[in-house]
Structures are given as C-alpha cells and as structure tokens.
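Reader: Hello! I am new to protein structures and would love a close look at one part of this one. Could you walk me through it slowly?

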Amino acid sequence: MARKVAVIGTGQTKTVTRRTDVDFPGLVREAVTAALGDAGITMRDVDAVIFGSSPEYFEGVNNPEKWCLDASGGFMKPQFRMHTGGTVGASTGIGGYYHVASGMFGVVLAVTGDKLSEGEVQYNLSTVYDPIFGRDMAAGAPSAVAIQASRYMHKYGVTEEQTAMVAVQDRKNARNNPYAQLQLDITVEDVMKSPPLCTPIKLLDACPASDGAAAMIFACEEKAKKLCPRPAWVRAVSGIAESANYPYRDWAEPIALIKAARKCYAECGITDPRKQLDVVELYDAFSPQMLIWAEALGLCERGEGGRLIESGAASMQGDIPINPSGGVLSANTIGATAMVRQVEACLQVMGGADQRQVEGAEWALAHGWGGGIQFHTVMIVSSEEP
Amino acid sequence: MKMSDRKYGVMKGSIGDAPYNWTTGGTAGRLLAEFRDKRRFVGFRCPACGKVYVPARDICGECYEDLEEEPVKVGPQGEVVSFTIIREANPESPAEVPYALGVVRMDGADTGIVALLLADEKDIGVGMRVVPVWREERTGHMSDLRGFAPV
Amino acid sequence: MAEKVAIVGVKEYKPAEAYPDTFYTQIIVDTVMPLLEEMNMPWEEMESLVAAGCDMQDGRSISNVFTVDAMGGFMKEESKVEEDMAVALIYAYMRVASGRFQTCLVCGYGKGSELHPHYFTGLQSEPVFMKPMGLDGLSTSALQATAYMSKYGISREAGAAMAALDLRNALKDPNAQRAMDVSVDEVLRSRELAYPITELEYVPVSDGCVAVMLASGEVASKYADKPVWIEGIGNCNDLFYPGHRDLADTRCVKAAAERAYKMAGVGAADIQLAEVYGYSSWQELMVLEGLGFAGDGGAPAALEAGKFNPGGELPVNTSGGALSANVWMACGGARVAECFLQLRGEAGGRQVEGATRAVAHAVSGLALQSNTVIVLGR
C-alpha cells in the first residue's frame, strides 16, 4: 500500500508569446512564489525540489536546472531535473509524487517551465528528429501530428469540421482562464479558413508557443492534513512509453495511453471513466488530439470522438467537461504544459478553479504526451482521500 | 516590487545555426546598461542578508528574496579571488589561447565576476588589485568589459 | 519506513575514446540485454525504467525518444532524469521505495566523441555573463582548483598526486580507458590545459553506457545471491554562478554526505572504500574532504600519508575513477558499479579485502555545484 500523497498548492504564470522583463530563471521564480503562496508555506518548509523543462535547445543552456537553481529555491536542497519532452511537466509532477511516496521527503516543490521565445521554436523542435534518419524532412511538431491526425481521421471518418469544434471550444473555455494565452472567440468557419500548416492541421488547429512556468507542492499525509483544508489527493499515476518507430505502429492507436489509463483506473476502482470522472485535462497540442485522447481514455467509444465533441458532452455544460482551462490549444510552454494539466485538475478538485470551475468536481484526470507522440502520462487526483 | 518595472535587456547570440534572443532579466540588464552608458559596475543587495551581488540575477539564492531595486556603488577597484590561464580553448572562447580568466570581487561587493585578466601570466596572483578596462564601442554586453588590468 | 532497495546487477560497456562504428543505441542494447541475461531476469520482470541521457550530447532533443526501446522500456513505466545517472538512480530508488515497483532499471549513456570535448560542459554556461567568457567544465574547474590551493596553501603536487593514484589504479581495471603507471612529476609535466590543471589531471571523454538494476527487498534475492543495499542517499545543490560562492567551500558536498550518512545511520568512519567523481583530480581532493575523509584542506596530506591508496585505510577510486574513463551522464553510474563489484568481492586484482560499506559520489553541473552521495552496503 503506497503512502498517501496530496497536492497542497499550485502556481502558474500567465502564458504569453514572449516575456522580455524576466529571463528563464525569473519565470521559474514566479511560478514557485505563486505555489508557495497558494500552499501558505515558505521555502524553508520545502524539503526537496524537482525541476522539469523540455529540450535545452529552447533556452540554449545545457542543464538549465543548474542555471535556475537559485530561482527554483534549490539552494542547499536536493534537486534534479526531469526531461521527457512534452510530458516533462507531468513526469516532474509524477516525480514530485514519488519524492513523497518514497518516504524520503515530507514537502516537495515541483516546478516546470520553458521560455520558448528565446530561440526559434520550430527550428529547435526539429532537433528532435534524428540527424541521420529524418531531420532533413523535419517540419517541427506539426508534421508528426498531421500524420497521426490523417490516419485517425481516415480510420474513423472524423471530419475536419469536427476537429475544428475542438479548436473553438478550447479557446472559448480559455476566456475563463486568466493564465491562458489564446482567449479567442472563433467559429468553425474561422478554423476551416485559417492557413494550412501541415494538412489536415491548420493554423487555428494548432497550439501557440508560450513563455511560462508552473509549480506544485506535494505533501505527505501528515503535512497535507496540517497545511491544507482541501488537498488534492493523488490517487494514481502512470507514465508509459511506446517506441517512436516500430513496424506495426498504428498512429491512430495510442497503446501507451490506453495502458496508462487502464492502470490508473484499476488503481482507483474506476470502471466507467465517463461517469466516475468529473473533469479531464488532456494535452491537445493540435485539435484532432482531443478526440484521439478522449477515446483512448475511454470517455467514449473508439471512433466516436467526433460525435463526442459535436454533442457538447465535453463542453463546460456537458457531462464530461474536457479542458476547462482551454487546454494546450490555448497555451503551450511545452515545459510546463503537462504540469498545468495536473495543476488544473488539482484546482478543480480543490474547488479553486474560479470561473472555470466544474461544479462539485471531486475526481479529475490529467494527461500529457510527448516525444514521437509516444510518451503518455496520466495522473488522477481526487478530493476523496484514498 | 514589480518585475515589469525593472529595466531589462535582450542579448543576441547563437548556438551553431540556431539563433537566440536571450532576455537578461532586470538586474543583469541594468548592469549591462551601466557597462554601456557609465563604464562602471553596480551591485544589488539582498534585503535579508545584506549580501551585495555582482553580477546580480534578480534574487538572492541563499535567502530566496528579490534583490533591492536600487543598485549600490561598488568598485572602482576589485580583487582577484581566483584565476586560471586557459591553454585549451572551446568554440566559445573569448580570446586566443593562452589567456587569463579571473574571478574578481569589486570593492563593496560580496561576490565575484568572471572576466578576462589583462596581465602577464607571471604577474597574476590571488589578491591582486585590478580595475576594469572598457571597450570604446559598447553595446550593453558582457564583452563591453575588455577585462581587468592590474592597478 | 521505506521499502529496502538493492542493486542486483550492473553492466558497464567498456568505455573508449570513440566507437565510430557503433551507433549509440547499439551500445545501449549491448549493455542492457546482457545485464538481463546475466541476472536471469526475464524482460517482463523489468517493471520500470529511469534513463539518464542528455539532448545536447546526443544532438537530439528529447533524447529518450530513440533510446527508450534500446533500454527495454517499450510499453513500460518509463521516465528520464536529464542528469548523471547517479541522480537517475535516486529517482529509481524512490520509485521502488514507494512500493509501487519491484524492479527498476537505471541506464546512462553517452557518445562524447561526437562533440568537441568542452562543448558539453560549455553549453551549461548561461548566456549573459558566462557564454561570452567561454566558461565550461575545464575553466570553472581550474578557477576552483586555484581557489582551493590558495585557501589552504596547497601545492600543485597535490592535484598531480591524486591523478597519479587514479591512473595507476586504473591499470587493474579491465574497463579503463586511460591507465598508466605514472609519477607525480609526469602528471605535472603533462600538457597544461588550464592552470593548474594538466591533461592527466582532467577527465577524458568517453563513449559508453552503464546499466544498473534496482530491486526491492522482497525480490532482490531472486536476481542476486549478494544484493548490495542502497543504505543512504544524499543530494545537494549550491548557487549557480561560480563567482557567487566560495569555490573552495565544500558545504554542498558536506550536506549531501550528511544526508546520505544520516539515512544510512553511519558516519564517515564506517566507510571502507569510496568512488568519487570530479572533473579534475583537484575536485576529487575537495570531495574527499566534503565526504569527511579528511579535514578542510587536509586531503592532500591524507593522500600523501597513503590513506587513499589501494592498501590504505580508505581506498579511493580503485576503478581509476573518472580520470580513467568519463562517459558524460554515466560516469556516476560507473562509480556505483565499482562499489557494487567491490562489495560483492568481484573486483579481481583491485579487490579491497572485506569491504562491506562503500560510498559512490557523483557531480552534476560546474565546479561541484551539485553533488550526489550514495552509501552502499552488504
């Protein structure tokens, strides 16, 4: 029986295209300060820090956690860096969980972020591709996602209009989120008419690139109960990796996510996720992904993603609100993004999501993906103690 | 105090082919502006422990506090706290090898800045007193400081 | 109390200056697969993986995109710590100690030959004050060495003597890349890289891979007749900018050691051998002081008195240490591997008789900014 771990505070910075008033460590400090304030503790109460950021090429500094050490509060504390691509925000959160679950630490600060504006984002993203086997053809992130989307939409007959609804819904939800970058009032037609990036992905189907950071405070049972009136208990975590390329890979079938979700559901006794979860924050960097992930998470039958979004079931008024925060389509720092999903999930069950609060939310799931659309993380939090 | 009230700067650079526009943050930006406009060093103090940082990076890492907004005077001289003579360079070396690097603590500061030492190898030692030497053309960049020379 | 966690197997791919004909993932496969075979661990029983790799060394962002399968992580609970694998080992320990995993592989690798030797560390410089000065592992180590010499009145012979010990010890290690029967004088007269550090006093760069398998107390004996227990772990970090701290002060190493010793319920006097990692022999001396094996500034004298020799009171770097082979991201793992072999009596000609408790230390970052101390015991 694993030790109980809860989140007792969170913080995030408002995501924008570029911050010129701070450097990367400065962004990190903002998120940390916000989380400490939210939890009502000071750096003296923190036993260990865990840091995450995505490819070093974004800020152009190797071992950025060393550079950000002062700003993350790591002075004379244990600290190390996670980096798992797009999932890094979540793997860092999961790492924070394990810091406490191991019994080694009582209060742990997890902080993630990136300052994408320091360099050329898509150029830097193209360094993900192997230099010998694919970099010449790399076109940043959209190319890989377009391959996934084409396969999925062809396999299940999901239309571009349906995926456009995702883009509309997310940006509309973002208008309730003071931290989101793209708070847009757009229509399906606007999306369909927006310039193509990598067919079928169009400009308005794509996430922005943001500067930002997020932080979470994890605590053991004793500290959580002492410090927080309504902590978000971590009920399950999982991080599964597929391979980037394997012979029988079907890009429409995210088997790593299906496995991670199943493991987490089993651990929580969730047999009907659509009913038993109150809200889901998933990592939709591009609009078709909301539907693919929703299916893999069992929120609807395989191939029914298009109908899910059409029906309004995933809207704030629906029975399984997805991305009240506006999701990744509305803000994407890459480094903090998957952690922001966890932060938002925690805020929901802690009753702290303000305008974007889903009434009475008690069970929330946070998802992240990364790499060659191969790493998937799932974290389930609840106001119900395990 | 608000981060956005601080003076800031941007530094252009590259790693291989990849271009960068690094933001410097408030106190670093201010120091670089002093390099460019006043040819001098300033320090920033931690309100909690009183340590004066040169070069400053917005916070005192030991106390986890924002540094004071108003810079404090340091220098004009400093002391070599440590040094080395570089004979094997890397792609980013600031000079042809061999060259001397030193950690120099300006009078009035509690920390040192790493910069070139403009002196003969045989004359360099810990404790040596030095003054900054500035370039004629300055842009608000670390290289505005040619290095430190013996007093 | 946490679950007990043991190391049940290690494998080190022979480090070399370069393996130009071997793709890096092949090196990884040729380390992990044999490890599983030797331990009789079916792949299904490897429950989790924590990788240690570096995008900038690989020249591939999100380095685990392509290494995850080579490490056997396909469809497993996987994660990656982008630091030396001794740090990844800490995370792996946490995962097993939580009770959620019975086994976890830690794997670090690197092909340092694919980049300029100082580029890897040079890229750790921040852009505003450090990159313009070309700061890197070598220059910051040199500044640290000078500060140390100056603070304690230590002669240049000290760094040379430590290097000589490492390189002579390496002669007995089949996995040594650089090993020589060298005198203090010869070390001093080798090419000076950056005063006071000479070529023989500074880490080489290697291609290689190290894999370490952790297992919970419950299943350890299934895979190893002599599991080596992870008794204590300590990690600590100092301020980033080199000029912001006293480079000769080992407060950070001391704090990491204190944490590890406290967790293990031991003191420095209980340690029978140590593997320490610094970018230069000068930093090895400082680390030995920080670990409590000598007083501040006292390591050179202890070294001269023979304390750290193979037959001495506390043998150090019987493997030859990082000066004999340095795979960025795996070097700390090689320190752990040597301790593992020693504690199981499998260190051949380097064996320290009757050793039952060892310390493996690793650094991350520049000028000893980040330190990890692991206490291992039988």
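Reader: To begin, what percentage of the 386 residues of chain A count as buried? After that, please take me closely through strand 2 of chain A and its surroundings.

Author: Happy to! This is a predicted model, in which local features need pLDDT of at least 70 and side-chain atom pairs count only at pLDDT 80 or more, while totals for chains, interfaces and linings use all residues. Residues are numbered from 1 along each chain as its sequence is written, and chains are lettered from A and ligands numbered from 1 in the order in which they are written.

Now your number: 68% of the 386 residues of chain A count as buried. A residue is buried if 20 or more other C-beta atoms lie within 10 Å of its own, exposed if 12 or fewer, and partly exposed in between, with C-beta atoms placed from the backbone.

Chain A holds 14 helices and eleven strands. Both are DSSP runs numbered from the N terminus: helices are H or I with at least four residues, and strands are E with at least two. The radius of gyration of chain A is 19 Å, close to the 21 Å that the globule rule gives for 386 residues, so chain A is as compact as a globular protein of that length. That radius is taken over C-alpha atoms, and the globule rule is 2.2 Å times the number of residues to the power 0.38. The C-alpha trace of chain A spans about 55 × 45 × 40 Å along its principal axes. Of the contacts in chain A with a separation of 6 or more, 78% are accounted for by residues 24 or more positions apart; two residues are in contact if their C-beta atoms, placed from the backbone, lie within 7 Å.

Let us zoom in on strand 2 (residues 48–52) of chain A. Five of its five residues are buried, so strand 2 of chain A is largely enclosed by the rest of the structure. In a regular strand the side chains alternate between the two faces of the sheet. Here both faces are covered, with A48(A), I50(A) and G52(A) buried on one side and V49(A) and F51(A) buried on the other.

What lies alongside? Strand 2 of chain A pairs in the parallel sense with strand 4 (residues 107–115) of chain A over five bridges, and V49(A) has L109(A) as its bridge partner there. Two strands pair if DSSP finds at least two bridges between them. Strand 3 of chain A also runs parallel to strand 2 of chain A, joined by four bridges, and in strand 3 of chain A the bridge partner of F51(A) is R81(A).

Strand 3 of chain A also leads us outwards. The contact between chain A and chain C takes 51 residues from chain A and 48 residues from chain C. Strand 3 (79–82) is among the elements of chain A that give two or more residues to the side touching chain C, along with helix 2 (64–67), helix 3 (88–101), strand 8 (232–241) and helix 9 (255–268). Helix 3 of chain A gives the most, with five residues. That side of chain A divides into 20 nonpolar, 22 polar and nine charged residues, where Ala, Val, Leu, Ile, Met, Phe, Trp, Tyr, Cys and Pro count as nonpolar, Asp, Glu, Lys and Arg as charged, and the others, Gly among them, as polar.

Pairing crosses between the chains too: strand 8 of chain A and strand 3 (residues 76–81) of chain C pair in the antiparallel sense over two bridges. There, I240(A) has E77(C) as its bridge partner.
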